[in-house]
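Colleague: Before I rely on any of the labels, I would like to go through how each was assigned. Could we take them one at a time, with the model in view?

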Amino acid sequence: MNCPKCTMPVGDNAKFCGSCGFTIQAQESVPPPPPPPPPPAAPASQQNYPAGGAFHFDADGKGRGRGYTWEIIHQGAFALAIVQLGADQAISAEAGAMVSMSANIDLDSQMKGGVFGALKRAVGGESAFVSTFTSRGGPGEVTLAPGSPGDVAGIEMNNQTFMVQSSSYLAGDTSLTVDTKFGGAKSFFGGEGLFVLQVSGTGLLLVSSFGAIHRKTLRPGEKYVIDTGHLVAWEGHMQYSLRKAASGFFKSFLSGEGMVAEFAGPGEVLIQTRNLAAFAAMLKPYLPTQGS
C-alpha cells in the first residue's frame, strides 16, 4: 500500500509513514449485508397447487410440439400464430382460422366425430367441420388467427382437461380430444349462446380472446363471479353455477349485466378483457338498417 499523503510505499500493517511521518489509520473491514429473509411459506391449502397455475404459457410465445414448432407474433390486438410443420406432420384448427400456408400443405376438412359430433358442434355455435393441415413432401408453414381482434395464447397441455368457450378455440395438436359438452342451462349460459368445449390430452392448444387474456387463480373454497361473455377457458374439474348479476330481475336489468358464472376454487380461469357481444351492441346504432 502507499501513504495517502506522500504516496511513498509503506507496509500493509504500518501505522506511520517512514518518509513523512503521516499517521495511517487502519481500514476497518465492512461486513457484508445480511442475506434477505426467506419468503413466507405458502398456506397449507396452496402448497400443493402449481405456482404458475394450470395453464402453462411460454413466456416468449414460442414452443415445440410433436413434429412442429409454433410462435405467436404481434401479440395484443392482432396476434398471429405461426406453426412450422415437419414433413408429414399435421395440426388441427377451427374451420376458417387459416390466414396463409405453404403451397405443399394439404388441407382436409371433415366432420369430426361423425354426423352426431358435427351436429353437436353446429348446435354449440361452431363450424360442423374441422380443418387438418398436413405438410407433404417436406416442411411447411401454416399461420392462424381468430376472426375478431384480440390475443392468441399457446397452452402446452400435459394430460389435462380444460373447458373452453367455443368461440375461443383456435387450433390444437391432432392428438387432443375436442368434444362439445351439453349441460342444460349450465352450458347455454342463460341464452348468451355459450356452449363449452372439453379439450383433453397432451399437446399444444391455441386459444383466442377478444381483448387481452387475464389469468385468475382461485384458492380452495374461494368463490369468484365472472360475466359469461368474458370467459375463455377454465380447468375441467372446477365447479360453477349460473345466476343473475344482481338480486332480482329488475336490478339485473338496470345494471346492464345478464347472467354471470360463479366459480369455486381451487383452479384457474382465463378471462378476456372485452366482450364481443357488448361491442357489437355498442356498434348497432351506427350500422345501416334495412329501412335506410
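Colleague: Leaving aside its neighbours within four places in sequence, which residues is Leu144 in contact with?

Modeller: Bearing in mind that this is a predicted model, Leu144 is in contact with Leu80, Ala81, Val83, Ala93, Ala97, Met98, Val99, Phe133, Leu170, Ala171 and Leu206, once neighbours within four places in sequence are set aside. Contact here requires heavy atoms within 4.5 Å.

Colleague: What makes Leu144 part of a nonpolar core, and which residues touch the most other members?

Modeller: A nonpolar core takes buried residues of certain types, Leu included, joined through side-chain atoms within 4.5 Å, and buried means under 20% relative accessible area. Leu144 belongs to the largest such core, which has 19 residues, and it is one of those touching the most other members, together with Ile72, Val83, Leu85, Phe133, Val152 and Leu206. At least two residues of this core come from each of strands S2 (68-73), S3 (80-85), S4 (90-94), S8 (140-144), S10 (169-172) and S12 (196-208). There is also a second, separate core of 17 residues, with Phe55, Ala153, Phe162 and Val207 among them.

Colleague: Why is Ile73 called partly exposed?

Modeller: The cut-off for buried is under 20% and that for exposed is over 50%; Ile73 has a relative accessibility of 23%, so it counts as partly exposed. Ile73 is found in strand S2, and beyond residues up to four places away in sequence it touches Phe78, Ala79, Leu80 and Ile82.

Colleague: How do you know that S3 and S8 pair, and in which sense?

Modeller: Pairing asks for at least two bridges between two strands, and S3 and S8 have five, in the antiparallel sense. Ala81, for instance, has Leu144 in S8 as its bridge partner, and these two residues also appear in the contacts of Leu144.

Colleague: What is the order of the strands in the open sheet, and why are S1 and S5 described as standing at the edges?

Modeller: The five strands follow the order S1-S2-S3-S8-S5, with antiparallel pairing. Strand S1 (62-65) and strand S5 (98-101) each have a single partner strand, so one side of each is left without a neighbour in the sheet. Neighbouring strands are turned by 20 degrees against each other on average, direction ignored.

Colleague: How many of the protein's residues count as buried, as a percentage?

Modeller: Of the 292 residues, 38% count as buried, the criterion being under 20% relative accessible area.

Methods. Residues numbered from 1 in each chain as written. Predicted model: local features only at pLDDT ≥ 70, side-chain atom pairs only at ≥ 80, totals over all residues. Heavy atoms only, no water. Buried < 20%, exposed > 50% of the residue type's maximum accessible area, 1.4 Å probe, protein only. Helix = DSSP H or I, 4+ residues; strand = E, 2+ residues; numbered from the N terminus. Axes fitted to C-alpha atoms, helices over the stretch in contact; angles between N-to-C directions.
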